[in-house]
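User: Hi! I'm new to reading protein structures. Could you walk me through this one?
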Amino acid sequence: MENQRIALLGIVVEDTNMVNQVNELLHQYRQGIVGRMGVPHRTRDLCIISVVLEADQDTISALSGKLGAIKGISSKVLYAK
C-alpha cells in the first residue's frame, strides 16, 4: 500500500464515437478505480468523466496516457499529496 497514490483523473470525451474505447480501458484498470462519475454536456456534444484512483503512479500514468492517445479524448491527472 505504501507505493499506492490517490489521484483524480479527468477525461474529456470530444468524440463520443470513442466512448466504448474509453470504457474498455477503464474496465481494464478497474482494480485501481475507487469511483467514477460521468457528466454529459449535451449542448456541446461531449462528456466529462472524473475517476478517482488508488494505484501506483506508473499504473495511473499508463491509463492516462492510453486514454490521451485515443482520437478525440483528453485526460489529465491530479495527485493527492
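Analyst: Happy to! One definition to start: two strands pair if DSSP finds at least two bridges between them. Helices (H or I, at least four residues) and strands (E, at least two) are DSSP runs, numbered from the N terminus. With that, strand 1 (residues 4-13) and strand 3 (residues 46-56) pair in the antiparallel sense over 10 bridges.

User: Before we go on, what kind of model is this?
Analyst: This is a predicted model, where local features need pLDDT of at least 70, side-chain atom pairs count only at pLDDT 80 or more, and totals for chains, interfaces and linings use all residues. Residues are numbered from 1 along each chain as its sequence is written, and side-chain values use heavy atoms, with hydrogens and water left out.

User: Okay, which residues stand opposite each other in strand 1 and strand 3?
Analyst: Here are two examples. Arg-5 stands opposite Ala-55 in strand 3, and Gly-10 stands opposite Ser-50 of that strand.

User: What order do the strands of the sheet have?
Analyst: The sheet is open, has four strands and runs in the order 2-3-1-4, with antiparallel pairing. Its edge strands are strand 2 (33-41) and strand 4, each pairing on one side only. On average, neighbouring strands here are turned by 15° against each other, direction ignored. Axes are lines fitted to C-alpha atoms, for helices over the stretch in contact, and angles run from 0 to 180 degrees between N-to-C directions.

User: And what holds paired strands together in general?
Analyst: Strands of a sheet pair through backbone hydrogen bonds, either parallel or antiparallel.

User: How many bridges join strand 2 and strand 3?
Analyst: Strand 2 and strand 3 are joined by eight bridges, in the antiparallel sense. One of the partnerships is Pro-40 with Cys-47 of strand 3. The hairpin of these two strands has four residues between the strands, and Asp-45 takes a positive phi near 55° there.

User: Switching topic: which strands does helix 2 touch?
Analyst: Helix 2 (residues 57-68) packs on the sheet and touches strand 1, strand 3 and strand 4; its direction makes about 160° with that of strand 4. Contact means heavy atoms within 4.5 Å.

User: How do helix 1 and helix 2 cross?
Analyst: The axes of helix 1 (residues 19-28) and helix 2 come within 10 Å and cross at roughly 165°. That makes helix 1 roughly antiparallel to helix 2. For the cut-offs, angles under 35 degrees count as roughly parallel, over 145 as roughly antiparallel, 65 to 115 as roughly perpendicular and the rest as oblique.

User: Which residues make that contact?
Analyst: On helix 1, Val-22, Leu-25 and Leu-26 take part, and on helix 2, Leu-63, Lys-66 and Leu-67 do.

User: Lys-66, then. Is that residue buried or exposed?
Analyst: In between! Lys-66 counts as partly exposed because its relative accessibility is 42%. Buried means under 20% relative accessible area, exposed over 50%, and partly exposed in between (1.4 Å probe, protein chains only). Not counting residues up to four places away in sequence, Lys-66 touches Leu-25 and Tyr-29.

User: Now strand 4. How many bridges pair strand 4 with strand 1?
Analyst: Strand 1 and strand 4 share seven bridges, again in the antiparallel sense. Ile-11, for example, stands opposite Ser-75 in strand 4.

User: Tell me about Ser-75. Buried or exposed?
Analyst: Ser-75 lies in strand 4 (residues 73-79). Ser-75 counts as buried because its relative accessible area is 15%. Beyond four places in sequence, Ser-75 touches Leu-9, Gly-10, Ile-11, Ser-64, Leu-67 and Gly-68.

User: What does the side chain of Ser-75 reach?
Analyst: It reaches the backbone oxygen of Ser-64 at 2.8 Å. A polar contact is a pair of N or O atoms within 3.5 Å; within protein, one must be able to donate a hydrogen and the other to accept it, and residues adjacent in sequence count only if both atoms are side-chain atoms.

User: And where is Ser-64 found?
Analyst: Ser-64 is in helix 2, and Ser-64 is buried too, with a relative accessible area of 12%. Setting aside neighbours within four places in sequence, Ser-64 is in contact with Leu-9, Ser-75, Lys-76 and Val-77.

User: What about Ser-74, buried or exposed?
Analyst: Ser-74 has its place in strand 4 and is partly exposed, with a relative accessible area of 37%.
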